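These are my notebook entries on the structure shown below. I set down what I looked up, one topic at a time.

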Amino acid sequence: MTSITAADFGNPDFPARICLRGLSQLQYVYHPDRLKYPLQSVGPRGSGQWQQISWEEATTIIANKFAETAQKYGPTSVYIAPYTGSLPVLNGLIGAGYRFASVIGASAGDFEGDNEGDSASPCGSNEVLGNFDGHELSDLRNSRMIILWGNNLAETDIPDMRFVLDAKDGTISSAGETAPNATGPGAKVVAIDPRYTATATLADEWYPIRPGTDGALALSMIYVIINENLHNTSYILNYTVGPFLVRQDTNMFLREKDLAGGTSTKYMVYDANTKSVVPYDQSGTAPALTGSFTAKGISLKPAFQLLTELVNQYPPSTAETITGIAASDIQSLAEEFAARSPAAIKAGFGGISHWYYGDLTYRAMITLSAICGYIGVHGGGVTTYNGALLDAALDLGDWLNPDKLAYTYLPPIQFCTAVLEGKPFQVKAAWFPIDNFVNQQGDSNRTISAMQALDFVVVSDVFMTPTAQYADIVLPVATQYEREDLLAGGNYFLQYMPKIIDPLWESKTDLDMFGEVAQKMGQAKYFDKSPEDYLNLILSGLPSGLTLDTLKSKGVVPLADQDYGTSSFQSITHPYVPYYQQKFPTTSGRIEFYSESLVQYNMPLPLYKEPIEASPTNPLYQKYPLVFISSHTKFRTHTQWDNLPWLQEVIQKPFLEINPTDAQARGINDGDMVTVFNDRGSIQVVARVTNGIRPGVVNSYQGHWNNGAFPTATVNNLTHQKINPAQSVVFLFQSNTAYFDVLVDVKKS
Amino acid sequence: MKLTMVIDLSRCLGCWSCAVGCKLENNEPIGIWWNRILTNGGREPDTPSGSYPDVKMTYLPINCQHCDNAPCIKVCPVAALRKRNDGIVFLDWGRCIGCRYCLIACPYGIPAFNWSTPVQSPDSSQFQIGNPAVPVRPVGVSEKCTFCFQRVDVGNLTPKCIEVCPAGARFFGDLDDPNSQVSQLIQTKPTVRLREELGTEPSVYYVPPRNPTIKVQVSQT
Amino acid sequence: MKKGYKVTTEDSILQSLTRTGTAFYVFVFTLLVLTAEFLYAWYTQLTTGLIVTGMRSIYNAPNYMGPNVAVGSPWGIYITNFIFWIGISHAGIAISASVRLMDLKKYKVVARMAEVLTLVALPMAGLSIIFDQGRPDRIVNLLIYGRFQSPMLWDLTAITTYFIGTIVYLYLSLRGDIDELARKLPRRERFYKRLAMNYQGTETEKEKHNQTLWWLALAIVPIMVTVHSVVSFVFGLMIARGQWYSTIFAIYFVVGAIVSGVAAVYSLAWIFRWLYKWDSLITDEVLRGISWALRNVLIIYIYLWIAEELTTRYMGSSSDLRVSDYLWFGPYAPIFWTMAIVGFGIPALILLQPVFGKRHFNPALTFAASIILNVALWVKRFTIIVPSLLNPPLYQTGVYVPTLTEVSIMLGTFWLATLLYIAFIKLFPIIDLDVVKG
């Protein structure tokens with residue numbers, strides 16, 4: 001491999017989708033520190049003493065150990081954790097690791113599920129819309145206003161930031177339909193972020209919000225919109241649960257059988273014409289959105305009325321006190337959001353989902369968009385991740401669950417509890433492919449205790465990561481350039497990944513590795529085909545009949561295109577817009593800003609709750625008065641590329657962004673070594689005093705590996721593993737790591 | 001032909017993709033950057049000037065300006081620096097004696113110098129990375145952006161930095177052609193050039209950045 | 001007459017050739033050891049590259065090629081040293097030309113030591129430049145591809161011409177003495193006879209020599225002025241750098257060079273007088289005269305310096321003021337003000353003393369002043385070159401710290417210069433023998 005260039009997507013809407021990380025890949029593939037041979041630990045775990053062994057030996061040991069552990073503690077005591085280190089289909093996040101887990105009956109994380117911090121938003125989305133999906137980001141060109149909410153797109157999703165810039169410049173989409181109201185140049189771009197990021201510099205307005213209070217802002221905006229009668233009444237009536245009457249005794253929706261007996265579970269509305277409670281699908285009705293009514297002695301209110309009562313608690317003056325954004329600004333932001341139709345919300349996983357109550361926040365944001373009628377229209381919507389449904393669209397059932405065998409789902413954040421406390425079941429052995437778990441899981445000290453408590457650990461990776469340090473067996477992995485695969489994720493394209501060079505040294509692909517171990521565990525038949533065969537198997541799920549050969553010749557196909565799309569979300573419009581037909585996979589088939597499943601947790605509506613830890617209302621705040629967030633840097637993808645020389649040349653060292661006021665109060669100058677600490681641990685990094693961060697908030701980029709120069713700089717020494725029980729209503733997204741919901745203090749080292 | 005570059009600062013993300021792409025294409029050693037992204041703001045990179053919350057920050061990608069009236073060409077004692085007919089200011093690495101006068105004379109601080117035997121990553125003793133038409137430079141010579149002469153010479157008027165900019169903020173072409181993208185941009189947008197008052201006549205134009213309106217907010221705990 | 005003995009013979013002048021004491025051997029041995037160290041340092045630089053110095057590009061990637069700052073100075077003590085030696089070289093012709101053109105016989109006694117100084121100083125300047133090149137193996141490119149648009153080529157031409165002129169001048173004025181030495185030192189007769197190249201010693205020949213020397217002196221004066229002017233143009237024509245682009249740089253540098261040169265001659269004169277007890281040859285009057293000249297050029301130099309500073313501080317451009325602030329109030333302030341007050345102020349006061357009466361002239365104190373002045377001038381040139389490079393417009397302020405290797409290499413020019421000078425005084429009389437004749 002001698003050079004890298006951007007792939008041609010064959011679509012003028014998608015030029016130059018490459019960034020500095022992609023361009024540095026030669027340094028990744030040919031890095032001198034790459035793992036070359038299988039290694040076995042010969043000292044205590046974490047001591048760094050290794051001996052080289054053969055693949056034969058390694059796979060035999062693993063097979064035996066796994067079998068032994070499964071025998072003693074049950075098959076689910078073996079945990080396989082493939083993760084976002086690699087996204088392709090065979091060898092990545094949704095790949096061979098899960099297939100292996102299924103066939104040996106082990107437990108595993110889930111590709112769609114808990115993504116360690118990326119689950120709160122999907123959970124919230126599921127609760128309101130029935131699933132988690134997003135607009136193809138080229139659709140932003142159709143927006144007249146874009147709110148980048150807790151999202152540093154310019155660093156974390158560089159190729160897609162261009163669409164925001166196009167919208168600002170007034171470049172209309174060159175493919176597919178355009179939103180009916182899209183006219184002229186100059187979408188207004190607003191950045192809501194406690195940091196003045198690269199994204200904020202390109203926005204028209206920047207709101208430095210108090211971290212974790214975004215829900216209050218959303219509710220206040222809803223208040224303004226409803227109060228000034230700017231909401232889209234007909235949309236609310238037809239596509240949301242707004243008019244559905246809620247029983248004030250049970251807080252559940254009124255069903256027809258509640259009044260009339262029988263079995264009909266139809267939702268009921270109050271017809272203003274006949275002044276009576278009728279089923280929602282009765283024709284000729286004028287359903288009420290507000291008011292309170294009684295029927296058969298049951299006190300009833302339309303869901304929208306309840307929403308109004310909720311947001312009435314958050315007029316701009318109140319929200320100002322909570323969020324730190326001026327009431328007049330909240331007012332004008334809301335008015336503009338409603339007026340500049342269509343307006344899009346692009347939310348970040350970091351700013352929104354890395355919080356304990358992230359699901360509530362996301363629900364509030366979707367509700368905000370819904371009452372303006374922006375869901376399922378070009379230029380609108382609330383998008384966090386585009387490409388979310390792609391993996392489901394590929395119909396990976398046969399690939400991940402051959403012969404209907406299935407792994408047992410255990411979200412990664414529950415891993416430590418499973419190991420240390422045996423809940424929900426005991427885990428005794430683990431394999432971490434493509435996952436720098438020790439670095440990236442919340443509360444590293446607890447994670448390390450769990451690693452030490454395991455009987456047997458396997459790590460397969462490209463480098464000796466901090467996680468690999470705690471393994472008994474380390475296996476060298478072939479990079480994505482050394483194997484054939486398919487990539488689906490991050491956009492609505494399906495990409496063929498050819499093998500460019502042979503695996504270097506003795507590295508093997510995930511597929512081969514898992515295959516060899518599976519074979520030794522008597523499951524060879526599930527891994528006896530070639531990568532091409534498996535790829536064809538996966539593609540066979542597409543009704544379009546797309547074959548591997550076609551895909552190879554084209555390189556990239558737009559999966560949301562009718563010609564190639566799957567039945568599950570065959571796109572009806574370009575660019576891809578979810579819910580374009582206003583059909584929602586919820587219980588009611590509508591936007592459920594009022595969700596029955598959360599009545600048991602007293603939050604059927606998207607309440608605002610102060611962050612679980614990072615709040616001034618928390619007594620802990622007296623001891624640790626700074627909110628610690630750990631955002632993403634453009635120089636890494638999580639922990640990957642941390643050791644690439646070109647990127648290292650520019651990012652230099654791990655640092656803590658701190659406002660001058662906070663720095664001065666602690667006698668800290670720019671460039672000083674500082675210790676950031678709380679009750680869970682501490683880190684030592686260099687202070688970067690900057691005016692680009694809110695006072696009371698400090699930030700250190702996540703993903704740094706502890707190394708010689710900075711041995712304690714992993715931000716997760718400070719984070720926690722607190723789980724929000726309310727998320728259990730959505731099985732796949734039942735737990736989340738609230739990375740940003742953290743309090744610390746800082747002192748000069 | 002008058003090769004010209006236009007960089008749109010109202011779109012630049014400061015992401016370093018152009019700088020890394022350049023490094024790849026031209027096999028630049030560790031420690032040398034032909035293309036750099038300066039932060040126009042606070043003291044450290046990626047920090048703003050001003051006082052919270054009234055802050056301001058933009059990025060300034062800077063590479064050789066290929067001046068028409070280049071001070072570096074004037075001062076080079078061995079004429080290793082020469083102006084080509086197409087406008088490229090070319091540094092002949094085979095002739096450079098390493099006096100570093102060009103580093104002194106350049107008002108933009110552009111030329112870089114190989115203070116030690118260059119180390120490429122991956123190690124270029126294994127193979128040449130980037131474009132094989134660009135020779136690896138030895139110790140003791142200066143080097144700088146060439147407007148990707150190796151591409152221009154085979155008719156490809158797209159230097160690597162233009163090719164890879166993910167934000168669509170970089171443009172390149174022939175200013176002598178009134179229909180070229182750069183000509184159009186310079187005519188329609190209020191472009192500026194760096195340190196124009198010095199009379200160097202640079203060939204790189206910048207579309208000025210837009211700055212966000214900052215909302216002053218109530219300070220609170 | 002205070003000390004020494006009445007000098008009537010040439011023998012006293014020839015002491016430097018005939019007398020070789022223990023002190024001499026110790027001194028030379030030390031120099032040779034230092035020179036070996038210098039050669040080793042240079043060898044390291046030649047094999048490793050200029051990274052052994054503290055110089056760096058204007059923009060560096062911070063993690064590698066330390067120091068850990070983004071901005072460095074591409075030129076440093078080598079170039080400073082180059083300018084310093086060029087400055088010293090202005091001694092020779094300044095004195096010799098005055099003596100010959102204005103018939104100041106009184107100062108003929110110091111003429112030759114000044115010319116030898118130039119002869120030794122110019123190669124040291126050239127050597128400093130060679131130290132600074134990234135590819136000294138390609139130095140011949142200067143001759144093949146040399147382009148006259150570059151001030152460096154003007155330097156090369158002017159300095160070479162100056163050097164050739166000085167060698168010819170020195171040889172012609174030395175020839176008579178060489179011939180004489182052939183007779184006086186029979187053991188070296190063949191060496192001197194060869195060198196004299198059939199010198200007859202006739203009156204016509206002497207007259208011809210004097211004529212040639214007179215015209216040569218006349219021609220070399222403008223060459224001398226040109227030399228340091230073109231050296232100044234290397235900096236003074238640079239629009240890019242703060243506080244460099246200035247019209248008075250040529251005369252500023254030339255006057256500074258004359259100060260350097262005259263001070264160096266004073267130092268040498270005083271040293272020889274002390275070493276060989278030449279009080280009756282190098283009289284107080286002679287020394288006072290040199291110090292008079294030194295004082296006057298120093299005054300002119302300080303005047304030009306003030307003009308430069310005032311121009312910047314009054315309403316200088318942002319890039320000029322940035323550099324000036326860096327010197328006056330920033331990290332270089334201690335160096336700058338010490339140099340100004342101690343380095344220039346004290347010598348100025350010492351040199352001003354004789355204004356109040358001849359008896360206030362103190363040769364030894366003036367000697368100290370001359371040394372301090374040259375050190376100060378070395379530092380002065382450093383403060384002209386480096387701070388401007390560390391404050392490039394568009395970038396942040398950088399750092400430059402010369403390394404030990406770099407300093408060793410630079411100091412090599414001083415050891416070599418001394419060794420070469422010693423070699424000369426061991427072979428030839430440092431005072432023209434004509435002085436004691438007739």
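**Entry 1: the contact of chains A and B**

I began with a definition: two residues are in contact if their C-beta atoms, placed from the backbone, lie within 7 Å. I also noted that the model is a predicted one.

I looked up how many residues each chain brings to the contact: chain A supplies 53 residues and chain B supplies 45 residues. I then asked which elements of chain A each supply at least two residues of the side that touches chain B. Among them I found the helices α1 (20–23), α2 (25–29), α13 (316–323) and α25 (645–651), together with the strand β7 (205–207). The most comes from α7(A), with 5 residues. By type, I recorded 29 nonpolar, 13 polar and 11 charged residues on the side of chain A that touches chain B.

**Entry 2: a sheet in chain A**

I turned next to an open sheet of 3 strands in chain A, whose order is β8-β12-β11 and whose pairing is antiparallel. I noted in general that strands of a sheet pair through backbone hydrogen bonds, either parallel or antiparallel. Which strands are at the edges? I found β8 (245–247) and β11 (293–295) of chain A there, each paired on one side only. On average, neighbouring strands of this sheet are turned by 40 degrees against each other, direction ignored.

I followed one pairing further: β8(A) and β12 (residues 298–302) of chain A run antiparallel and are joined by 3 bridges. For A:Val246, I found the bridge partner A:Lys301 in β12(A). Helix α12 (residues 303–311) of chain A packs on the sheet, where it touches β8 and β12 of chain A. The direction of this helix makes about 75 degrees with that of β12(A).

**Entry 3: the largest nonpolar core**

I looked up the largest nonpolar core, which has 425 residues. Those that touch the most other members include A:Met221, C:Val110, C:Leu117 and C:Val265. Helix α10 (residues 249–276) of chain C gives the largest share of this core, 18 residues. I then examined C:Val110: leaving aside neighbours within four places in sequence, its contacts include C:Ile95, C:Val265, C:Ala269 and C:Ile290.

**Entry 4: one helix of chain C**

Which residues of helix α12 (residues 318–328) of chain C are buried? I listed C:Ser319, C:Asp320, C:Val323, C:Ser324, C:Tyr326 and C:Leu327. Seen down the axis of α12(C), these buried residues fall within an arc of 155 degrees, so they line one face of the helix. I recorded that they pack against α11 (284–315), α13 (333–352) and α14 (363–390) of chain C.

Definitions and conventions:
Residues are numbered from 1 along each chain as its sequence is written. Chains are lettered from A and ligands numbered from 1 in the order in which they are written. This is a predicted model: local features need pLDDT of at least 70, side-chain atom pairs count only at pLDDT 80 or more; totals for chains, interfaces and linings use all residues. Helices (H or I, at least four residues) and strands (E, at least two) are DSSP runs, numbered from the N terminus. Ala, Val, Leu, Ile, Met, Phe, Trp, Tyr, Cys and Pro count as nonpolar, Asp, Glu, Lys and Arg as charged, and the others, Gly among them, as polar. Two strands pair if DSSP finds at least two bridges between them. Axes are lines fitted to C-alpha atoms, for helices over the stretch in contact, and angles run from 0 to 180 degrees between N-to-C directions. A nonpolar core is a set of buried Ala, Val, Leu, Ile, Met, Phe, Trp, Tyr and Cys residues joined through C-beta atoms within 7 Å. A residue is buried if 20 or more other C-beta atoms lie within 10 Å of its own, exposed if 12 or fewer, and partly exposed in between; C-beta atoms are placed from the backbone. The arc is that of the directions from the helix axis to the C-beta atoms.
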